[in-house]
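Visitor: Please take one part of this model and go through it closely. I would like a connected account rather than a list.

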Amino acid sequence: MRQTILSALNSWLQPSHKTVLLFDSVAAAHEIAFMLNGEWDECNGVNLSKCDEVAINTAASLVDTSWCYQGTSVAVLSKLTTDELLRRYGIGERNFTNANLRCANLCSLLLSEVNFNWAKLSWANLSGANLSKSDLTAADMQNANLSDINLSKSRLVRANLVSTNLSRADLKGADLSHACLRNANLYQADLRGANIFQTDFQGADCSGAIFDTVIPK
């Protein structure tokens with residue numbers, strides 16, 4: 001009996017698992033947190049101690065927003081337009097986790113220190129853009145045009161850069177550990193100080209690229 005009571009107490013005292021949801025705008029996340037008695041992270045995330053998808057979908061429909069679970073590998077968010085991205089960035093928003101920007105034209109834009117982790121950027125044009133000091137952890141940039149981009153000191157851990165054009169890209173001090181750059185174009189890219197631990201360069205064109213270390217075979 002004593003053991004049963006102790007087990008029950010331990011279970012009750014254990015911190016409850018919280019579900020993290022991501023919404024397509026900061027304003028929507030704030031409203032949803034209030035409606036569902038959740039914890040707003042002051043960006044586009046909401047922590048819920050109890051996950052009820054019916055309630056979430058109902059609340060989301062009321063404020064006309066889309067949502068997904070944090071860390072999901074498949075985007076369920078509506079496509080974010082370039083104009084909307086720039087508007088939100090212009091008012092200080094930096095968290096665009098899991099944003100759907102496939103095929104977007106972000107050429108030559110200033111988007112430094114942005115959070116694009118898990119973002120969908122395949123086939124997007126970011127030629128000449130400035131994303132220095134940004135977080136692109138696990139971002140999907142397959143077949144994107146990143147020529148002449150500034151990604152210095154950015155985090156690209158586990159990013160998908162398969163067949164991406166990174167010619168003349170500034171990757172100084174970037175974290176590319178575990179990233180996949182198979183068949184990528186790294187012509188004259190600058191990777192001095194970059195972390196390339198277990199980075200996959202198979203089939204990549206590294207002619208003229210600058211490295212501090214020898215590329216692992």
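Guide: What follows is a look at the sheet and what packs on it, and then at the nonpolar cores. The model is predicted.

The sheet is open and has 4 strands, in the order E2-E3-E1-E4, with antiparallel pairing. Its edges are E2 (39–40) and E4, each of which pairs on one side only. Helix H3, residues 53–62, packs on this sheet and touches E1, E3 and E4. The direction of H3 makes about 150° with that of E4.

Strand E1 covers residues 19–23, and 4 of its 5 residues are buried. E1 is joined to E3 (residues 45–48) by 4 bridges, and the two run antiparallel. Within that pairing, Leu-22 of E1 has Gly-45 in E3 as its bridge partner. With E4 (residues 67–69), E1 shares 3 bridges, again in an antiparallel arrangement. Here Phe-23 is partnered with Trp-67 in E4. In general, strands of a sheet pair through backbone hydrogen bonds.

Next, the nonpolar cores. The largest nonpolar core has 46 residues. The members that touch the most others are Phe-116, Leu-121, Leu-131, Met-141, Leu-156, Leu-176 and Leu-191. Taking Leu-191 and leaving aside neighbours within four places in sequence, its contacts are Leu-171, Leu-176, Leu-186, Ile-196, Ala-209, Ile-210 and Phe-211. A second core, separate from that one, has 12 residues, including Leu-21, Ala-29, Ile-56 and Ala-60. In soluble globular proteins, nonpolar side chains tend to be buried together.

Notes: Residues are numbered from 1 along each chain as its sequence is written. This is a predicted model: local features need pLDDT of at least 70, side-chain atom pairs count only at pLDDT 80 or more; totals for chains, interfaces and linings use all residues. Side-chain values use heavy atoms; hydrogens and water are left out. Buried means under 20% relative accessible area, exposed over 50%, partly exposed in between (1.4 Å probe, protein chains only). Two strands pair if DSSP finds at least two bridges between them. A nonpolar core is a set of buried Ala, Val, Leu, Ile, Met, Phe, Trp, Tyr and Cys residues joined through side-chain atoms within 4.5 Å. Contact means heavy atoms within 4.5 Å. Axes are lines fitted to C-alpha atoms, for helices over the stretch in contact, and angles run from 0 to 180 degrees between N-to-C directions.
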